[in-house]
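This briefing goes through one protein chain, beginning with a pairing of charged side chains and ending with the overall form. Please keep the sequence and the coordinates in view while reading.

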Amino acid sequence: IGDALQALEELKKKLASEGLFDESRKKPLPPFPRRIGVIAGDKSAGLKDILHNLAQRWPLAEVAVFPSLVQGKEAPRDLIRALSLAKEKALDVLIIGRGGGSSEDLWAFNDESLVREVAKFPCPVISAVGHEIDTTLVDYVADKRVSTPTAAVIAATPDSQEVLATLDLQGERIVRAVLARLSALRQKVEL
């Protein structure tokens, strides 16, 4: 484990020196995404959590799911395959996540090829891998890092109920302004 951690630290330094973790290269999240991609384990609790919260929070978005292995030797290659499929869609934002686990369970998200693919992804990527104490290289390269799948949905979307409340308030202000203007014009005509 010591050798693996040392190799990981060296890879982290290498990628950082190339600028892959720089804030300046990170893309901003869209305020009102229409197409959201999700890469997560097929039938996993993390995927179910993301889909449930997207349906509750921002049901206007079209959601494209790209199931993938999220741990084990084959996971990096399968995650890259899922990224390639997601790249073919015109996504506004992509969530890549899983529901935590041990350091060994999360190791796939430290794969250099995967990290480079995430860095090149055309739209903003939110990493929801692990929990607060676990950080992977995908977390560093992603445009936004959150600790849970639920937090990824909150970062990716506005709350539809808040948007509707704001629109209602603005509508009321417009009606009041129009009525006030009509009243002022009516007074001018009557003079």
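Glu-112 and Arg-116 stand four residues apart in helix α4, a separation of about one helical turn, and their side chains meet in a salt bridge with an N to O distance of 3.0 Å. A salt bridge here is a side-chain nitrogen of Lys or Arg within 4 Å of a carboxyl oxygen of Asp or Glu, while helices (H or I, at least four residues) and strands (E, at least two) are DSSP runs numbered from the N terminus. The model is predicted, so local features need pLDDT of at least 70 and side-chain atom pairs count only at pLDDT 80 or more, whereas totals for chains, interfaces and linings use all residues. Residues are numbered from 1 along each chain as its sequence is written, and side-chain values use heavy atoms, with hydrogens and water left out.

**Salt bridges around helix α4**

- Arg-116 is partly exposed at a relative accessible area of 26%, and Glu-112 is likewise partly exposed, at 25%; the classes are buried under 20% relative accessible area, exposed over 50% and partly exposed in between, with a 1.4 Å probe and protein chains only.
- Glu-112 also forms a salt bridge with Lys-14, in which the closest N and O atoms are 3.0 Å apart.
- That pair links distant parts of the chain, as Glu-112 belongs to helix α4 (residues 112–120) and Lys-14 to helix α1 (residues 2–17), 98 residues apart.
- Lys-14 counts as partly exposed, with 37% relative accessibility.
- Within helix α4, Lys-120 and Glu-117 are three residues apart, about one turn of the helix, and their side chains meet in a salt bridge of 3.0 Å, N to O.
- The two partners differ in their surroundings, for Lys-120 is exposed at 55% relative accessibility, whereas Glu-117 is buried at 18%.
- Salt bridges that share partners join Lys-14, Glu-18, Glu-112 and Arg-116 into one network.

**Charge over the whole chain**

- The count of salt bridges comes to 11.
- The 26 positive and 27 negative charges of the protein chain have mean positions 7 Å apart; Lys and Arg count as positive and Asp and Glu as negative, with His and the chain ends not counted, and each charge is placed at NZ of Lys, CZ of Arg, CG of Asp or CD of Glu.

**A buried loop residue**

- Leu-106 sits in the loop between β3 (93–98) and α4, where this residue counts as buried at 3% relative accessibility.
- Leu-106 and Val-129 are 23 residues apart in sequence, and their C-alpha atoms are 7.5 Å apart in space.

**Overall form**

- The protein chain has seven helices and five strands, which run α-β-α-β-α-β-α-β-α-β-α-α from the N terminus on.
- The radius of gyration of the protein chain is 22 Å, where a compact globule of 191 residues would have one near 16 Å; the radius is taken over C-alpha atoms, and the globule rule is 2.2 Å times the number of residues to the power 0.38.
- Along the principal axes, the C-alpha atoms fill a box of roughly 90 × 35 × 30 Å.
- Of the contacts between residues at least 6 apart in sequence, 72% join residues at least 24 apart, a contact being heavy atoms within 4.5 Å.
- Buried residues make up 40% of the 191 residues in the protein chain.
- The protein chain exposes about 10,800 Å², of which carbon and sulfur atoms supply 56%, as computed by the Shrake-Rupley method with a 1.4 Å probe; for residues, only the protein chains shown count as cover.
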